[in-house]
Amino acid sequence: MCILQIGDLKDHYHFFHSRTIKRSTLSSRGHHSFISMEPKVEWIEQQVVKRRIKRDYKPVPPLSQTSPAHSNVAQNNIFYNDAKWSSMWYIHCNDDVHNCQSDMNIMGAWKRGYTGKDVVVTILDDGIERNHPDLFQNYDPQASYDVNSNDLDPMPRYDATNENKHGTRCAGEVAAAANNSHCIVGIAYNARIGGVRMLDGDVTDMVEAKSLNLNPQHIDIYSASWGPDDDGKTVDGPASLARQAFENGIRM
């Protein structure tokens, strides 16, 4: 039997028995009864797989090159040499731009000095490419872990479908380096960025709790762009361990 502490949750442990069937419609009552008889065990619950969906963007018609969103780049007196800079409509967006879908006032925040400096963000997802040319400069190993494989490297698992790119894309939106001639500019381009690989496998309450409790004295923001089916019929949320992870982060 393997025993692992669940993230930073004190006195909470994951027991894994090699002879327990990983996927079954029946609970493992024999092992549960044995453990629950221990006088120091206050709570026990078998983990079940939860369905989790990555939240992705919805394509919109591209803005024309002569639209106010592009001429607005020069008007703001801010320019970066990153290849996609002029196409980043949500940054160049303000009241003067027709059909603008963002009111985040990103460049206004930059002009006030808010660029993510001294802030640590981790992306809870399918991993991030720590050596990506737009990310390696800001990559933070202390904000990274692989929960799926239980090691320190959050690199995505590559396969023919190339589906494990969501976390890297989220990380780029947050903290891609500015003015390095690559790709895009992160909204918080001076922030430290890490990643937790936790969606590329069975997601349980324990997996969510462990991810939400990674190095809480170091990480400022945990970003999770995923959740239950967003189909209007599914009602789901954090279970017992994940709720305790949130509470632990608030209290500690």
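**Salt bridges and a nonpolar patch**

Aspartate 229 has a relative accessibility of 22% and therefore counts as partly exposed, since that class lies between the 20% under which a residue is buried and the 50% over which a residue is exposed. The model in which this value was computed is a predicted one, and aspartate 229 offers a way into its charged pairs, because side chains of opposite charge can pair when their charged atoms come close.

The structure holds 12 salt bridges. In one of them, aspartate 229 is paired with arginine 51, and the closest N and O atoms of the two are 2.8 Å apart. This pair links distant parts of the chain, 178 residues apart, with arginine 51 in the loop between α1 (29-36) and β3 (53-54) and aspartate 229 in the loop between β8 (226-227) and α6 (240-251). Arginine 51 counts as exposed, because its relative accessibility is 57%.

What is the setting of arginine 197 and aspartate 146, buried or exposed? Arginine 197 forms a salt bridge with aspartate 146, in which the closest N and O atoms are 2.8 Å apart. Here again distant parts of the chain are linked, as arginine 197 belongs to strand β6 (residues 192-197) and aspartate 146 to strand β5 (residues 145-146), the two being 51 residues apart. Arginine 197 and aspartate 146 are each buried.

A further salt bridge joins arginine 157 to aspartate 200, with the closest N and O atoms 2.7 Å apart. Arginine 157 sits in the loop between β5 and α4 (166-175), whereas aspartate 200 sits in the loop between β6 and α5 (205-212), and the pair links these distant parts of the chain across 43 residues. Because its relative accessibility is 39%, arginine 157 counts as partly exposed, while aspartate 200, at 14%, counts as buried. Salt bridges that share partners bring Asp146, Arg157, Asp159, Arg197 and Asp200 together into one network, which includes the members of the buried pair described above, arginine 197 and aspartate 146.

Leaving the charged pairs, the reader can turn to a nonpolar patch on the surface, of about 300 Å², which is made by Ile3, Tyr13 and Phe15. Of these residues, tyrosine 13 lies in strand β2, which covers residues 13-16. Tyrosine 13 has a relative accessible area of 43% and is therefore partly exposed, a value that also passes the 30% which a residue must be over in order to take part in a patch.

Technical notes:
Residues are numbered from 1 along each chain as its sequence is written. This is a predicted model: local features need pLDDT of at least 70, side-chain atom pairs count only at pLDDT 80 or more; totals for chains, interfaces and linings use all residues. Side-chain values use heavy atoms; hydrogens and water are left out. Patches are made of residues with over 30% relative accessible area and no salt bridge: like charges are joined within 9 Å, nonpolar side chains (Val, Leu, Ile, Met, Phe, Trp, Tyr) within 5 Å. Accessible areas come from the Shrake-Rupley method with a 1.4 Å probe; for residues, only the protein chains shown count as cover. A salt bridge is a side-chain nitrogen of Lys or Arg within 4 Å of a carboxyl oxygen of Asp or Glu. Helices (H or I, at least four residues) and strands (E, at least two) are DSSP runs, numbered from the N terminus. Buried means under 20% relative accessible area, exposed over 50%, partly exposed in between (1.4 Å probe, protein chains only).
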